[in-house]
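Hello,

As promised, here is the structure we talked about passing on. Please have a look at it first, and then read on for what turned up.

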Amino acid sequence: MKMRKVLTCFMSMALCVSMLAGCSGGTSNSKISAGEGTESATQAESAENGDSNLNAEGFPIVNEPITLTVYGQRDQNQAEWEDMYVFQQYEKMTNIHMDFQEVPADGFAENKQLLFASNELPDVFLRAGISANEISTYGVGSGQLMVLDDLIEQYAPNLTKLFEENPQAKQACLATDGHIYTLPFIDLSPTGKMDTKQWINTKWLDNLGLEIPTTLDEFKEVLIAFRDQDPNGNGEQDEIPLGYRDPVMIYQTGGAFGLQYQMADTYNVDADGKIHNWLCDDEFKEYLVWLNELYGEGLIWKDYYKNDRAAWRSNLSGEYFGAMYMPYSDVFLNCEQDYSGYEPLLGPTGEQMWGDARTGVQIGCFALSTTCSNPEAAMRWVDYFYSDEGALFYTYGDEGVQYDMDENNIPHFKDEILNAEEGFMTALGKINMVPGGGFPHLRTEQTEGVVASDRTKEAAKILEPFLPDTVYAKPAVSVDDMDRVVSIEQDLTTYRDESVAKFIIGEWDFDMWDEYCQTLEQIGIRELEEIYQKALDAIAEG
């Protein structure tokens, strides 16, 4: 199999640039979109004449079995894809055998780059994390990814309906040339409207006779009480009042200071669609001054900036955190009953907002190469997972086998899966690709329970009324702008994270603020802002 050679070939890096420039193996996107000179066009004509192997609807998708090669990244909690229950059952339903060529996460980015450089492409990219920049490079630019617009219209009625009902989902998938090259994961559940949720230890509050705080001042008073009054009752001062997990969460949780997290980054967007990166704003400085005070008084986990996830999870499972931020409670199920969500804190100007809003759309989950042997069948294969029935099947498996329905038509996994010796996520990884995410499908309030406990759902619903009215995804930029964006963002993110940590932990005084802002300007923060504004405006203009 030619793909297998690519998966292990790391000696051809020197060829990458030249091969990308002259990718001769793929059909051009102009021909694909026009339906000219491709096997896809031939099969479409055959389908119209009624003699194709492909069925226009229902199962099986094809009358005679076919094989599609599939490339993607396997999460550590996932079984080998060919052994997953859902895919084994789905092959029986569809008559489509997927020849999975999954690659471990370690080294995947380089492996993917080499794959495109070789131009020996699979039929399908699945859970390959194709970014907006890669869409510009391999779709708009080199023409190695197929334009999917016509295939969606003809062979994906479930996705088409979702796009019609949720135009922002379709907009998020558009490349700079106005075409769609990858299909998304679409999360319409309440928990999917935000990433980070905020949690506070109500057991500790009750032990100390305290109420859930509503303002920044009240929050600090509670943190001080957590530090000094032994709320866990073990006679030791081992409590950690506020457990930030990593440096990025600092940017996600500044809503009290008017800081949105639009485009999953440090941007505000006003009512007119004007974007602004707030890293140099007075409001962000005020936020950092407040965090510096908390850190200096021992109220924030001292190692938050080291991004030591193992240590953070150990502290959480031991219930040492009084307050913390986390998308879901799956990593602290042993003590989640002691934590509750709460409303956003009132800020210095009385603002009450939860800035970490998300579109619920994750692009880059599914794509077809322009050399795909049967794009119509591949599109029909993936479209099922955008239906309610298909989403339920993908997420939970089969009723009576992996799950049961309750009286409210909500699925619940059987105890042998929930309480599996190897752990729930590993057991789930034998059923589907939910561990690690990134699979193209629909998630609704019915199926959000696969990752969201009832406690998480409650925390999300508390925050939901305080989200921004309009949420923006980061747009794909033009091929001409892409290299500059990559360069700026890489330098900006590195400098930003290092500098912000120094301000918070006290290595830098705030008389360094002007120098910090000047450096961000030199790196290109405003140029980056202009590039993204141009890309957003292009999408808005259609």
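**Cavities, a pocket and two sheets**

The lining of the largest cavity is made up of ten nonpolar and three polar residues, with no charged ones. Please keep in mind throughout that this is a predicted model. The volume of this largest cavity is about 120 Å³. Of its 13 lining residues, Gln-198, Thr-253, Ala-256, Tyr-325 and Leu-345 are the closest to the centre.

How many cavities of 30 Å³ or more does the structure hold? There are two. The second largest cavity holds about 50 Å³ of space, and its lining divides into three nonpolar, three polar and three charged residues. You will find it lined by Asp-265, Thr-266, Tyr-267, Asn-277, Glu-489, Leu-492, Thr-493, Arg-496 and Leu-528. Helix 21 (residues 479-505) gives the largest share of that lining, with four residues.

Now to the pocket I looked at. The second largest pocket has a volume of about 640 Å³. It is lined by 38 residues, and those closest to its centre are Gln-168, Thr-359, Val-471, Tyr-472 and Ala-473. Several elements give two or more residues to this lining: helix 7 (132-141), helix 10 (167-173), strand 4 (182-187), strand 11 (361-368) and helix 23 (525-540). Which of them gives the largest share? That is helix 10, with five residues. Sorted by class, the lining of this pocket has 22 nonpolar, nine polar and seven charged residues.

Next, the sheets. One is an open sheet of four strands with mixed pairing, in the order 6-9-5-10. Strand 6 (240-243) and strand 10 (339-341) are its edges; each has a single partner strand, so one side of each is left without a neighbour in the sheet. From one strand to the next, the twist averages 20°.

Going through the pairs, strand 6 and strand 9 (residues 321-326) run parallel and are joined by three bridges. Within that pair, Leu-242 stands opposite Ala-323 of strand 9. Helix 15 (residues 309-317) packs on the sheet and touches strand 6, strand 9 and strand 10. The direction of helix 15 makes about 130° with that of strand 9.

Strand 5 (197-201) runs antiparallel to strand 9, with four bridges between them. Strand 5 also pairs with strand 10, again in the antiparallel sense, over three bridges. Ile-200 is a handy residue to click on here: its bridge partner in strand 9 is Ala-323, while in strand 10 the bridge partner of Ile-200 is Ser-340.

Are the residues of strand 5 buried or exposed? Five of its five residues are buried. Lys-197, Trp-199 and Asn-201 point one way from the strand, and Gln-198 and Ile-200 point the other way. Gln-198 ties this back to the start of my notes, as one of the residues closest to the centre of the largest cavity. Helix 20 (residues 454-463) lies across strand 5 and strand 10, and runs at about 115° to strand 5.

The other sheet is also open and has mixed pairing: six strands in the order 2-1-3-11-4-14. Its edge strands are strand 2 (96-104) and strand 14 (442-443), each of which pairs on one side only. Strand 1 (residues 66-74) and strand 2 pair in the parallel sense, over nine bridges. To find your place in that pair, look for Leu-68, whose bridge partner in strand 2 is Met-98. Strand 11 and strand 4 belong to this sheet, and both are among the elements that give two or more residues to the lining of the second largest pocket.

One last residue to look at is Lys-285, in helix 14 (residues 282-296). Lys-285 has a relative accessible area of 27%, so it counts as partly exposed, the class between under 20% for buried and over 50% for exposed. Leaving aside residues up to four places away in sequence, Lys-285 touches Phe-510 and Trp-513. Its C-alpha atom is separated by 39 Å from that of Ile-180, a residue 105 places away along the chain.

Happy looking, and best wishes

Methods. Residues are numbered from 1 along each chain as its sequence is written. This is a predicted model: local features need pLDDT of at least 70, side-chain atom pairs count only at pLDDT 80 or more; totals for chains, interfaces and linings use all residues. Side-chain values use heavy atoms; hydrogens and water are left out. Two strands pair if DSSP finds at least two bridges between them. Axes are lines fitted to C-alpha atoms, for helices over the stretch in contact, and angles run from 0 to 180 degrees between N-to-C directions. Contact means heavy atoms within 4.5 Å. On a 1 Å grid over the protein atoms alone, a cavity is a set of points where a 1.4 Å probe fits but cannot get out, and a pocket is an open set with protein on both sides within 12 Å along at least five of seven lines; lining residues have an atom within 4 Å of a point. Grid points are joined across faces, edges and corners, and a volume is the space filled by probe spheres set on the points. Ala, Val, Leu, Ile, Met, Phe, Trp, Tyr, Cys and Pro count as nonpolar, Asp, Glu, Lys and Arg as charged, and the others, Gly among them, as polar. Buried means under 20% relative accessible area, exposed over 50%, partly exposed in between (1.4 Å probe, protein chains only).
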